[in-house]
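Thanks for sharing this one with me. Here are my notes, point by point, to read alongside the structure.

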Amino acid sequence: MCAEASGQQLREGEASASPATVPPASPHTAPVPSHDTAQATARAAAREPLSRERIIESALRIIDDEGVEALSMRRIAAALGVQAMSLYNHVGGKADVLDGVTEYITTDMHITRHSRDSWEDGIRSVAHAFRRASLRHPRAGELVLTRQLNSPGVLPTIDCSLKVLLEHGFEEANAVHALRLLVAFQVGSLMREFHSPAFQGEDESAVREREELLAGSGFAAVARLAPKLAVIDHDAEFAFGLERLIDALRPYAPGRPADA
């Protein structure tokens, strides 16, 4: 098995740090004000021992809910019911927290590959696992794509991809070239998916409006392909691009595992 990283810690952290459930008000009980509920939740959170894991989990929830721009050390501290300075006993600052969020997302990947798998299946497994992990946290996923891939939480993914290629006889230089090509494709595809409209599943009126706009653009090729350009299936686009990259790499693959 090449690598198998679990997101169990993240999911357990999310469960343990979720807001306390407030019973619904009865007809004879006045509703509890929302700010009191938030304060009670913060006090309950403050009773739990502070740790790096809890800080990262809280940061990820803030990013998922409000975006990276909303994240600050004060915001994390407020969510945990502690003073901001106490966070620095466990993390080095906001940059360290963002690195931690990146590691959490990448360790949420589930990559299972046996040594006798083809290199093509190995690459597919890593690529699709990376994309799924990124899309589980779309507001935070961009961190994975833009921060340096040299932290302990990210290197297992890089190592797995290289092992797939080396075990199947790729020359070392070609393995590195192939890795960087695959990373560039995944980064570009995911960045586009994070920022482009989600055409798939839109109502017919939105698709029809976009198609009419393209058809009347005055550009012959665009007008001709307007029905196809008006819709997009990100899953299909990713799979198509990945398969074309695999096709392009086949001439560099001897086709036999190096340890077989």
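1. Let me begin with R52, which counts as partly exposed at 25% relative accessibility. Please keep in mind that this is a predicted model. The side chain of R52 forms a salt bridge with that of D96, at 2.9 Å from N to O. Because R52 sits in helix α3 and D96 in helix α5, the pair ties together parts that are 44 residues apart in sequence. D96 is partly exposed too, with a relative accessible area of 24%.

2. Next, have a look at R250 and E120, whose side chains meet in a salt bridge at 3.2 Å, N to O. R250 lies in the segment after α13 (234–249) and E120 in helix α6, so this pair ties together parts that are 130 residues apart in sequence. R250 is partly exposed at 35% relative accessibility, whereas E120 is buried at 15%. Both belong to a network of salt bridges that links E120, R244, D247 and R250.

3. A salt bridge within one helix is also worth a look: the side chains of R124 and D121 meet at 2.8 Å, N to O. Both residues lie in helix α6, three residues apart, which is about one turn of the helix. R124 is partly exposed at 22% relative accessibility, and D121 is partly exposed at 42%. The salt bridge count comes to ten.

4. Staying with α6 (residues 119–135), you will find S134 there. Is S134 buried or exposed? At 1% relative accessibility, S134 counts as buried. Its side chain reaches the backbone oxygen of F130 at 3.0 Å. Leaving aside neighbours within four places in sequence, S134 is in contact with I105, G141, L190 and F194.

5. E193, in helix α9, is buried, with a relative accessible area of 17%. The side chain of E193 makes a polar contact with the side chain of R131 at 3.0 Å. Not counting residues up to four places away in sequence, E193 touches R131, L135 and H234.

6. Finally, the nonpolar interior. The largest nonpolar core has 30 residues, and those with the most contacts inside it are I55, L71, I76, L87, V97 and V101. Helices α3 (52–66), α4 (73–80), α5 (94–106), α6, α7 (138–146) and α9 (172–195) each supply at least two residues of this core. Its largest share, six residues, comes from α3. Beyond four places in sequence, L87 touches L50, I55, M73, I76, A77, L80 and V82. Apart from this core lies another, of 16 residues, among them V164, A175, F238 and I246.

Methods:
Residues are numbered from 1 along each chain as its sequence is written. This is a predicted model: local features need pLDDT of at least 70, side-chain atom pairs count only at pLDDT 80 or more; totals for chains, interfaces and linings use all residues. Side-chain values use heavy atoms; hydrogens and water are left out. Helices (H or I, at least four residues) and strands (E, at least two) are DSSP runs, numbered from the N terminus. Buried means under 20% relative accessible area, exposed over 50%, partly exposed in between (1.4 Å probe, protein chains only). A polar contact is a pair of N or O atoms within 3.5 Å; within protein, one must be able to donate a hydrogen and the other to accept it, and residues adjacent in sequence count only if both atoms are side-chain atoms. Contact means heavy atoms within 4.5 Å. A nonpolar core is a set of buried Ala, Val, Leu, Ile, Met, Phe, Trp, Tyr and Cys residues joined through side-chain atoms within 4.5 Å. A salt bridge is a side-chain nitrogen of Lys or Arg within 4 Å of a carboxyl oxygen of Asp or Glu.
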